[in-house]
Amino acid sequence: MTSPAPQRVVAHRPLIHHAGAWYFPVAFVARLPFAMMTVGVLALVVAVRESVALGGLTSAAVGIGVVVAGPVLGDLADRHGQSGVLVPTGIANGLLLALFPVVVSSSAADAIVLGVAVAIGLTGPQTAAMSRARVMALIGARVAPERRERTFSRAMAYESAADETAFVIGPFVVGVLAAVTDPWAPIAAAAALSLVFVTAFALHPTGRVVPTATTRGERAPARALRHPRLLVLVVAVFGVGAFFGSTLTSLTAFMAAQGAPEAGALLYGAMGVGSAVLALAVAVLPAGFALRWRLVVFAMLLFASAGAYSVGGSVLTVTVVLCLMGLGVGPALVTLFSLAGTRAPAGRTATTMTLLASALTLAQALSSAVTGAVAESVSVATAMLFPVAAASLVLAMAAVNASRARRWDQAVPVE
């Protein structure tokens, strides 16, 4: 069944009026299973099978599934509507998450554990990407033209802050549940959230606002997704994901050396606090502070703080540095998704957003695998250098974007 054509009702009412009072809370909670599953499988495998390397590989397997399925799910949503994609994937993801602790705790071979992890990634609900597509469609169809630019900036800031907060709360919940109950509890919680809230998000009326292939006019060809103006953003988001993964895994290894591996997820939340706050603050930055220069500034902050993290030291020192790291990573992610929103080819908004989300998750998982292997076979100190390499990639892409953005953006119509 295809969605009806979106009704264009321009009004001066705020975005929350058009979305509905329950939309943003439901959309936020529906993000948590995605934020919890990569960290949850890592923590569970490390705790049960006592191998940081296998835990990293398991996270990588989840990421591989996400990157394979994410763009496909986004394209299907662009063609046929979001609910028909999100309902079955959310249910499948919840069931697979519920099965995972049973497999890990059994005598099943590592290959089977990795296979289930890939399936979890393949069914990962792309809630954040779908939410951005819905918000963009609402702004275009329901918000008065003179208010769209400001509303769009604030909406993208909120969406990225919601992602950041979910990435904070997700690991935090994983750490708390694993510490006070059992390592399988976070995965069970993620399964329940996926079954209930992803389904509720999928069936929310805002899903009908996003035009599908049968209700929209011209749709950009697939090759538009390979244009350098989008690829540079995908690579930069990949760098942010690598930063997340290498930081979390090296931090887990660091805390394991201190005798408290489960505390790694809790300390990881310290980085997200500043990240989420600064992500929201991006909405009040002056319009004259162009997106391309924002990305350069925030990438520089990310690189500098990652350098401080690589030095290591005491738990207190690392915690303080993690708070500083959040000052760069949150605003950088907001800026990258804002740029992607303005550059999304016509009719391919969900696909564009899932490409970035998939790059973020894949990089997080792959960097977890590499960092975990290095921490186990070389040293924790060496593993703590990886966030610097990830931040340098973000900074390099920011520089490339700054040099070409004006010409690229002049040629891109906003969908």
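Begin by selecting Gly347, which sits in the loop that links helix 13 and helix 14; helices here are DSSP runs of H or I with at least four residues, numbered from the N terminus. The model is a predicted one, in which local features need pLDDT of at least 70 and side-chain atom pairs count only at pLDDT 80 or more, while totals for chains, interfaces and linings use all residues. Residues are numbered from 1 along each chain as its sequence is written, and side-chain values use heavy atoms, with hydrogens and water left out.

With Gly347 still selected, note that its relative accessibility is 2%, so this residue counts as buried, a word that stands for under 20% relative accessible area, with exposed meaning over 50% and partly exposed in between (1.4 Å probe, protein chains only). Add Arg79 to the selection: the C-alpha atoms of Gly347 and Arg79 are 8.6 Å apart in space, although 268 residues separate the two in sequence.

Next, show the two helices on either side of this loop. The axes of helix 13 and helix 14 (residues 349-377) come within 9 Å and cross at roughly 150°, where an axis is a line fitted to C-alpha atoms, for helices over the stretch in contact, and the angle runs from 0 to 180 degrees between N-to-C directions. Helix 13 and helix 14 are therefore roughly antiparallel to each other, the term used for angles over 145 degrees. Their crossing is right-handed, that is, the near helix is turned clockwise from the far one by less than a right angle, whereas anticlockwise would make it left-handed.

Keep helix 13 (residues 315-343) on display and bring in helix 10 (residues 228-257), which packs against it at an angle of about 160° with the axes 10 Å apart. Helix 10 and helix 13 are therefore also roughly antiparallel, but the crossing of this pair is left-handed. The residues of their contact divide into 20 nonpolar, 1 polar and 2 charged (Ala, Val, Leu, Ile, Met, Phe, Trp, Tyr, Cys and Pro count as nonpolar, Asp, Glu, Lys and Arg as charged, and the others, Gly among them, as polar).

Stay on helix 10 and select Val232, which lies in this helix and, at 6% relative accessibility, counts as buried. Asn401 is 169 residues away from Val232 along the chain, yet their C-alpha atoms are separated by 6.8 Å. Thr249 is also in helix 10 and is buried, with a relative accessible area of 1%; from its C-alpha to that of Val39 the distance is 9.2 Å, across 210 residues of sequence.

Now colour the largest nonpolar core, which has 114 residues, with Phe100, Phe243 and Leu251 making the most contacts inside it. Helix 10 gives the most to this core, with 13 residues. Such a core is a set of buried Ala, Val, Leu, Ile, Met, Phe, Trp, Tyr and Cys residues joined through side-chain atoms within 4.5 Å.

For a contrast in accessibility, move to Ser314, in the loop between helix 12 (291-310) and helix 13, which at 38% relative accessibility counts as partly exposed. The C-alpha atoms of Ser314 and Gln258 lie 9.7 Å apart, with the two positions 56 residues apart in sequence numbering.

Finish at Arg134 in helix 7 (residues 127-142), a residue that is buried, with a relative accessible area of 0%. Show its side chain together with that of Gln82, since a polar contact of 2.6 Å joins the side chains of Arg134 and Gln82; the term covers a pair of N or O atoms within 3.5 Å, of which, within protein, one must be able to donate a hydrogen and the other to accept it, and residues adjacent in sequence count only if both atoms are side-chain atoms.

Notes:
Helices (H or I, at least four residues) and strands (E, at least two) are DSSP runs, numbered from the N terminus. Angles under 35 degrees count as roughly parallel, over 145 as roughly antiparallel, 65 to 115 as roughly perpendicular and the rest as oblique.
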